Amino acid sequence: MNELAYASVTELAPRLRSRALSPVELLEDLLARIERFGVLNAFITVTGAEARAQARAAEEEIAAGRYRGPLHGIPVSLKDLIDTQGIRTTCGSRILADRIPAEDATVAVRLRAAGAVLLGKTALHEFAYGVTTNNPHFGPTRNPWHLDRIPGGSSGGSGAAVASGLGPVSLGTDTGGSIRIPAALCGVVGLKPTYGRVSRHGVFPLAWTLDHVGPLTRTVEDAALVLQAIAGPDEKDPSTLGYSVPDLGGGLRRPVAGMRVGVLSDEFHRQVSGDVAERFQAALEVLTGLGIKLEEVQFPRPSEARTAALAVILAEAASVHERWLHDRPQDYGTETLDLLRRGQLLSATQYLRAQKVRALMLREVGDLLTSRIALVLPTVPVVAPAIGQTAVTVGGRSGEDRGVLTQLVRLINFVGFPAVSVPCGFGEDGLPVGLQVVGRPMDEPSVLAIALAFERATPWHLRHPPEPTRMS
Amino acid sequence: MHASGVETLTDLEQLAARLGMRVPHEDLARWGPWLLAFLGDLDRLALLPVAGLEPALTPGPPRASGTAGSGPE
């Protein structure tokens with residue numbers, strides 16, 4: 001076991017601050033590990049030279065007494081649709097394969113300001129439009145727990161990297177579950193903040209009104225630390241204006257005993273495989289043991305909400321890609337092109353009808369959280385499917401992989417509420433299972449407090465995948 | 001009958017042509033059935049109590065024009 005590779009930010013930060021550990025030493029350790037773990041295909045670009053310069057600068061600043069805070073000298077990776085000045089940002093596509101942004105995304109600016117060291121750009125599903133990270137242009141990213149399985153997506157490189165000790169932090173994006181799905185399938189923490197909490201400026205869109213940026217980490221505390229650094233108003237993204245950022249580090253330590261939490265128990269949310277149901281039930285017992293008051297609740301109109309959410313992502317994604325669909329259709333992978341074409345055939349009336357349903361859902365899902373502080377449900381109905389597998393069976397019924405993997409996460413993007421996935425055990429074939437906690441808008445502290453209490457009561461975050469010595 | 005008037009692969013093909021899209025027939029055959037079923041689901045959303053609601057557009061505060069995620073350059 002590599003001691004540095006699996007250390008959390010909260011463990012590394014005091015050692016960096018006291019100079020017991022050098023940012024350069026930490027970076028070199030991770031760069032060597034990334035090379036050794038190349039079979040995972042977790043990175044599209046590793047920023048060796050730039051990272052070394054940043055690590056040396058961090059070392060000098062800390063030595064000079066100019067410590068910036070807990071991310072100073074910490075290596076982080078970014079999903080490769082987050083703009084980085086002077087560093088290629090491909091969006092996992094052929095179309096943007098050689099694109100070098102002229103400026104950083106706001107989240108990259110904020111991480112740099114916090115002193116983080118940019119380790120590299122992680123692999124993703126083409127244009128983030130999918131859940132497998134089986135990329136036609138850059139090859140499949142592999143799940144570190146089983147190399148023949150997907151890591152989930154679309155932030156699959158981030159999930160695989162964090163799970164296998166290739167950096168403690170990676171930023172992903174989540175439009176229909178793309179942070180939480182890889183977090184669950186790779187056995188790490190994935191936080192989708194409230195819509196408007198984190199700036200999307202400089203992040204290539206999939207669907208403007210569903211996109212969220214957030215961290216994948218190995219601990220809940222680390223997720224809170226990263227969110228603290230990247231959250232807050234940004235004039236370049238008006239959806240963020242008007243919200244101040246609470247003290248997340250303090251907030252997540254609030255007592256959870258006595259909290260009322262809803263367990264989504266409608267038929268739509270009960271469609272999970274036996275091993276996931278078993279792990280979820282065990283998680284509920286842990287939450288009860290923490291003094292949380294659980295009560296079964298029904299999600300309003302989940303099938304209709306899913307239809308409306310799909311219409312929004314299909315239409316908005318088609319709009320984002322309108323010009324390239326006309327000029328360069330041959331440069332898309334088949335799966336992405338098929339989805340974009342479907343979106344082009346929707347009408348404005350259909351799109352706006354879906355957005356009216358969203359208004360209804362905001363009210364009705366909000367009502368569920370009036371007297372309860374959070375909702376809990378599994379993150380993904382199954383453990384990681386095989387690479388190339390397109391149909392997934394749950395409860396004897398076979399469905400398209402995209403539909404099954406997004407079943408329990410997509411509706412939360414539709415209403416924009418905060419949600420976190422935390423490891424809650426291992427299912428079939430020893431593969432990770434995730435527990436999802438959903439909260440009220442802008443109440444990340446409560447979501448994180450429940451997740452942290454669960455994490456501290458369970459051992460799952462302490463287990464790590466084997467070193468990938470060969471293809472399984 | 002769908003409110004959209006699109007019920008068959010031929011209807012979809014004609015709609016694509018009207019929109020100036022070049023979609024090979026074999027591509028349409030691959031995902032057209034899914035889209036036809038989906039359009040039916042979308043029609044049924046009109047049965048929900050949404051008549052008096054304004055489209056939400058975003059789950060957060062109203063957005064002004066900005067540069068967040070600007071799309072193709």
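Hi everyone, this is a short talk about the sheet in chain A and the contact between chains A and B.

A quick word on conventions: residues are numbered from 1 along each chain as its sequence is written, and chains are lettered from A and ligands numbered from 1 in the order in which they are written. The model is predicted, with local features needing pLDDT of at least 70, side-chain atom pairs counting only at pLDDT 80 or more, and totals for chains, interfaces and linings using all residues.

Let's start with the sheet. Chain A has an open sheet of eleven strands with mixed pairing, in the order β1-β3-β2-β6-β8-β7-β14-β15-β11-β9-β10. Strands here are DSSP runs of E with at least two residues, helices are runs of H or I with at least four, and both are numbered from the N terminus. Two strands pair if DSSP finds at least two bridges between them.

Why do β1 (43–46) and β10 (293–297) of chain A have one side without a neighbour in the sheet? They stand at the edges, each with a single partner strand, so one side stays free of a neighbour. From one strand to the next, the twist averages 30°; angles run from 0 to 180 degrees between N-to-C directions, with axes fitted to C-alpha atoms, for helices over the stretch in contact.

At the β10(A) edge, β9 (residues 260–264) of chain A runs parallel to β10(A), joined by five bridges. A:Gly262 has A:Glu295 as its bridge partner in β10(A).

Now the chain contact, where residues touch if their C-beta atoms, placed from the backbone, lie within 7 Å. Chain A brings 43 residues and chain B brings 35. On the chain A side, α13(A) gives the most, with eleven residues.

Terms used. Two residues are in contact if their C-beta atoms, placed from the backbone, lie within 7 Å.
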